[in-house]
Amino acid sequence: MTPPVSINNLTVSFDGTPVLENVTFKTRPGELTVIVGRSGSGKSTLLRAVNRLNECFPGCSTTGEVQLALHDGQLDVYSATTCPEHLRARAGMVFQSPNILPVSIARNMLLPQKLVRNVTGRSAEEKMRHMLERVGLLEEVHDRLGAPAATLSGGQQQRLCLARALALEPEILLLDEPTASVDYRSARRIEELLLSLKNELPMLVVSHSLPQTQRLADRVLLIRKGRLVGEWHRGQANAEADFEKMLSTTF
Amino acid sequence: MSAGFHVSKDVLARIVIAASAWVSAAVVLFLFLFLAWFCRPLLDMTTLARLLSWDWRPFQGSFGILSMLTGSLLLAFSSMLLAFPVGVGICCFIHGIGPPSLARFVLRAVKLMTSVPTVVYGFVAVFVLVPLLRDVFHRGSGFSLLAAILGLAILVLPTVVLMLHSRFLTVEPQVRLTAAALGMTSSQKLLHLVIPASKRGFLAAAVLGLGRALGDTMIPLMLAGNAPQVPGSVFDSVRAMTAHIALVVATDSHSLAYLSLFACGLLLFLTTTLVNIGLRMLTRNREVGS
Ligand SMILES: Nc1ncnc2c1ncn2[C@@H]1O[C@H](COP(=O)(O)OP(=O)(O)O)[C@@H](O)[C@H]1O
Ligand SMILES: [Mg+2]
């Protein structure tokens, strides 16, 4: 089976200072991969290397290889012929702090569908409702879809961002500490959704919490100072003891 | 650096900012009072009637400034009608529609345009634009409403572009990463996110552009032909209030002609203020409506 994500010798530098060095790993279909590490270790940079979002920052240079298994074949992320917009439309991302667009709730859902997937009208509305339902937001916002998204609470905004990413039918989902800035109930709601999605949608999740990693992860990647220093898998021998040993230094 | 230093610097900055705000407000108020004071003699009804007429024939005792007012308004609004859409287009080109290298070049060129003295534009137009208009249209001398409109449009273009540009610069970083992460292209981001969030920039560009067009003296003086009349077509000559002031100051002194200058000054002041308020109300209504 082809790995949904395979990263080979990835090095990312900002202004000549390496932030990620020689990172190599593969994920497996149906598995939820969680990336952990101290603040500043390079987790966000690793996620952003997958959808080439690091390129939006000045002074960034990337070497190495990232391959994604998409429905229509392998995508060599850093190949000269790969269009970043196409890549990013296929690889959805949820940021650490909710990044709503400064428009209404509905428009946050509908505009990207229209521009990126060319889905409009009825089908876009249906998709919006379906995805808001899945993140548990529809009931809370159905009577004020036209209100500015900024009027939502942090947890609601983050679920909106998740729904927005899902509405674009991504083939891989990148989540950067998706529950770091949300209330407990929103966090559990998001975790449940991720677990229910993991068989249909490959995911890379950066997590800031040990219990969350325990609940979600089939595979854990430990990053320290820009290097991949540990890898754990649910099926390995002594899984529980090793999990604690590996992560005791991180959380 | 000590914390105390920061605080005092902060306080100093606040004092300076507050002081400059008060000084500017005071200067504006003083200007208004000055103009109003010198316009006092106008308050007598017969004088007022003579000023607010269409005839400017100082030797026959007609000192009407209405045709100058018409000339100013025609010039300012027509040149903005031209410069505003072009300026918006250029700004969009700079922000993601055009290729980055060319965009940088265009921005630099527009910034350079602001540092060219008005008289240079006028001078070049007299020798290039006016003969061109004369030869192409064969209507009069070429010193016309049209020539001044084109000249003014070029003059206010950088104002429009740079006001919008500065607004885009504050809006774009707020949506840059999100738009990119969603897979939007830079032109989609511009059209659907940056422009709708830049209403205040459009307002500022319109207000400042119109103010500049209304207030400019050199271009109308050098290009519009200065005939104090209501033009029948764009090929006719007109006189703007600013040019009128310059002309009369240069030629005449103690008479009702001189008094008409204060009326022109006051009218200019009021027009700019009204344009400012009007545009503000327009955009406010639209924001409430949407
Ligand atoms: N745009 C950037 N420019 C310069 N340095 C950056 C940039 N983004 C991240 N870094 C640096 O890279 C390192 C890793 O950052 P990040 O990937 O955000 O870590 P984490 O997500 O694990 O907290 C940090 O030292 C940070 O300062
Ligand atoms: Mg991070």
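**Two domains, two chains and a ligand**

Author: In this predicted model, the centres of domain 1 and domain 2 of chain B, taken over C-alpha atoms, lie 29 Å apart. Domain 1 covers residues 1-38 and domain 2 covers residues 43-289.

Reader: How do you know that domain 1 of chain B and domain 2 of chain B are in contact?

Author: Contact means heavy atoms within 4.5 Å. Domain 1 of chain B brings 7 residues to the contact, and domain 2 of chain B brings 6. The area buried between these two domains is about 570 Å², and carbon and sulfur atoms give 90% of it.

Reader: Which residues in domain 1 of chain B lose the most area to domain 2 of chain B?

Author: Those are F32(B), L35(B) and F38(B), which together make up 79% of what the domain 1 side buries.

Reader: Thanks! And what makes up chain B along its sequence?

Author: Happy to say: the pattern reads α-α-β-β-α-α-α-α-α-α-α-α-α-α, with 12 helices and 2 strands. Along the principal axes, the C-alpha atoms of chain B fill a box of roughly 70 × 55 × 40 Å.

Reader: How many residues of chain A are in contact with chain B?

Author: On the chain A side there are 19, and they touch 13 residues of chain B. About 1600 Å² is buried between the two chains, with 73% from carbon and sulfur atoms. E85(A), L101(A) and L115(A) supply 31% of the area that chain A buries against chain B, more than any other three residues.

Reader: Now to the ligand. What makes the pairing of S44(A) with ligand 1 a polar contact?

Author: A polar contact is a pair of N or O atoms within 3.5 Å. An N or O atom in the side chain of S44(A) is 2.7 Å from an oxygen atom of ligand 1, so this pair meets the definition.

Reader: How do you know that G40(A) and S41(A) qualify too?

Author: The cut-off is again 3.5 Å. A polar backbone atom of G40(A) lies 2.7 Å from a ligand 1 oxygen, and a backbone N or O atom of S41(A) lies 3.2 Å from one, so both pairs are polar contacts. The protein covers 64% of the 550 Å² of accessible area that ligand 1 has on its own.

Reader: Which helix gives the most to the shell around ligand 1?

Author: Helix 1 of chain A (residues 43-50) does, with 4 residues. The shell includes K43(A), T45(A) and R48(A), along with F14(A), V19(A) and F57(A).

Reader: How many residues of that shell are nonpolar, polar and charged?

Author: There are 3 nonpolar, 6 polar and 3 charged residues. Gly counts as polar here, so G40(A) and G42(A) are among the polar residues of the shell.

How values were computed:
Residues numbered from 1 in each chain as written. Chains lettered and ligands numbered in written order. Predicted model: local features only at pLDDT ≥ 70, side-chain atom pairs only at ≥ 80, totals over all residues. Heavy atoms only, no water. Near = heavy atom within 4 Å. Polar contact = N/O pair within 3.5 Å; in protein donor to acceptor, adjacent residues only side chain to side chain. Areas by Shrake-Rupley, 256 points an atom, 1.4 Å probe, with all protein chains shown as cover. Domains from an automatic or database assignment. Buried area = accessible area lost by both parts, 1.4 Å probe.
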